[in-house]
Amino acid sequence: MLGQGCNSCKRYYLNASLLAFPIMGVNITSLTFEDHELTAEPAPKEINPAHSVAIIGVGPKGLYCLERLLAEFKARPLGYPLHIHLFNRSANFGASPIYDPGQPEYIIVNLSVGEIDLWTEENPPGVGGRGPNFLTWYQETFQPHKPLTGHEYLSRAVVGRYLIEGFHRILNHLPPNVTLSRHVGEVVDIQPQARGYQLEFVDENGHCEEIAADKVLLSTGHSRIVAGAEEKRYQVFASRHSKAAFIPFVYPVGATMGQIPAGARVAMRGIGLTFIDAALELTEGRGGRFHRAPDGLLLYEAGGREPQSIIPFSRTGLPMAPKAFDLPLVDRPLTFFTHSALAGLRKQASHGKLDLENDVWPLFELETELQYYLVVMGNSGERKQLESCGNNEEAMRRVIDSYLHALAADWPVAASKQPHTSGTK
Ligand SMILES: Cc1cc2nc3c(=O)[nH]c(=O)nc-3n(C[C@H](O)[C@H](O)[C@H](O)COP(=O)(O)OP(=O)(O)OC[C@H]3O[C@@H](n4cnc5c(N)ncnc54)[C@H](O)[C@@H]3O)c2cc1C
């Protein structure tokens, strides 16, 4: 739908990728509105309480936001009616294409199932009470002979079912005074109005509708790919060579990989999660089977319809580092990305508003870098040095540089531990 016109309203669609960053109106962390806190007291007239809220994009994040928003409304009932509009491109509210329950079983999550739980936030309590974590839900739903241990990696489709059921659980317990409607289709434009926003929505059948909302929350997930110079070069190359083809985006894997004939040679740029999905589609999806030999080696038994070869390539030539299997999920105190640092920035900012890219992101990057090396350095002396740097960025940089320098002799391990050069940034 990118860049196309909407026939009935004769407007031009907003590039959906532009919608991905700004979060207007609702601050997700504290669930306060930009101009007043949610309160049990009737709102003073001049504050203009929100009577309608729109959530655009209801994948997992939109679902979490809805869940918390309703929990707040239940804990602090509103003195007036509120309507929530939910917009999602597909009818699978909660799941998104990433957890589409219709996708093949061999497309798996990169998180062990014991870590999946929709109901971790309990303050205030959720509207329908605490729902089951993924493991409990799975045991109850499928009653497998051998219960899961929690260390398994299951299909994204089954996680999608869990998310969709969670969405329905919430829907069945709306707090008093709150109503909700679901809109399946795409929001293609948002215009600020004197009060709130006007949304332009195109439903599944292409019908255009304008819907007003006092507040808008954007949880649109990954933006669509816009071809850059490199992609355009590949495209041109493919158009000049009759035997070559270029597939700019691998999802949905069934449809895109289906264009690749058996026996083809396939080069894939990037050796991360998308590569794994595409490679699984071209192997297990073509009737092949991976199995473990008695000596522990993973063997592949071809199905016969696979490509002749799959050639992955990336900036470092290394696969993306996997998530640590045994990294404990603990609270890690923050050093750079703190409330006081943000408050300091806010004081300096014009009108007290922070800019995501210039103000917030640099702090976030610093914090991520520090936390990354605190884990990578394990219990070494370097880690102690790093801890002693506090929020002194230069000192932190010196410790990290000297750590990487010492590792450099051991390349490519060193390269794989430096996220800014490994291509997994
Ligand atoms: C291929 C892939 C595989 C992944 N696998 C994993 C994994 O295994 N484990 C993991 O933890 N994370 C994984 N991720 C990360 C993943 O992005 C998150 O887990 C999660 O899907 C993010 O949720 P979200 O709600 O922010 O975005 P999304 O899941 O992308 O959901 C956004 C929703 O908004 C809708 N939407 C967008 N724009 C509009 C619009 N204008 N109007 C109406 N609706 C709109 C979309 O249709 C979609 O339903 C994966 C990501 C990708 C791309």
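Two residues are taken to be in contact if their C-beta atoms, placed from the backbone, lie within 7 Å. In this predicted model, 67% of the contacts between residues at least 6 apart in sequence join residues that are at least 24 apart. The protein has 425 residues, of which 21% count as buried, and its secondary structure comprises 11 helices and 14 strands.

Six of the strands form an open sheet with mixed pairing, in which the order is β9-β8-β7-β6-β5-β10. The edges of this sheet are held by β9 (208–213) and β10 (215–218), and because each of them has a single partner strand, one side of each is left without a neighbour in the sheet. On average, and with direction ignored, neighbouring strands of the sheet are turned by 40° against each other. In general, the strands of a sheet pair through backbone hydrogen bonds, and the pairing may be either parallel or antiparallel.

Both senses of pairing can be followed along the sheet. Strands β6 and β7 pair in the parallel sense over seven bridges, and within this pair Phe87 has His183 in β7 as its bridge partner. On the way from β7 to β8 the sense is antiparallel, with seven bridges joining the two strands, and here Glu186 stands opposite Val202 in β8. These two strands, β7 and β8, form a hairpin with four residues between them, and Gly196 in the turn has a positive phi of about 75°. Strand β8, which covers residues 197–203, is also joined to β9 by six bridges, again in an antiparallel arrangement, and Tyr197 stands opposite Ala213 in β9. The hairpin of β8 and β9 likewise has four residues between the strands, and in this hairpin Gly206 takes a positive phi near 90°.

At the other edge of the sheet, Lys215 has its place in strand β10. Lys215 counts as buried because it has 20 C-beta neighbours inside 10 Å, and the cut-off for a buried residue is 20 or more. Although Lys215 and Ile55 are 160 residues apart in sequence, their C-alpha atoms are 8.7 Å apart in space. Helix α1 lies across β5 (52–56), β7 and β10, and runs at about 160° to β5.

The surroundings of the ligand comprise 27 residues, among which Gly57, Gly59, Lys61, Ser96 and Gly221 come nearest to the ligand. Two or more residues of this shell are given by each of the elements α1 (60–75), β6 (82–88), β7 (178–192) and α6 (273–283). The largest share, three residues, comes from α1, the helix that also lies across β5, β7 and β10. By residue class, the shell around the ligand divides into 11 nonpolar, 12 polar and four charged residues. Domain 1 (30–218) and domain 2 (229–313) both give residues to this shell, and the ligand therefore lies between the two domains.

Terms used
Residues are numbered from 1 along each chain as its sequence is written. This is a predicted model: local features need pLDDT of at least 70, side-chain atom pairs count only at pLDDT 80 or more; totals for chains, interfaces and linings use all residues. A residue is near a molecule or strand if its C-beta atom, placed from the backbone, lies within 6 Å of it. Ala, Val, Leu, Ile, Met, Phe, Trp, Tyr, Cys and Pro count as nonpolar, Asp, Glu, Lys and Arg as charged, and the others, Gly among them, as polar. Domain bounds come from an automatic or database domain assignment. Two strands pair if DSSP finds at least two bridges between them. Axes are lines fitted to C-alpha atoms, for helices over the stretch in contact, and angles run from 0 to 180 degrees between N-to-C directions. A residue is buried if 20 or more other C-beta atoms lie within 10 Å of its own, exposed if 12 or fewer, and partly exposed in between; C-beta atoms are placed from the backbone.
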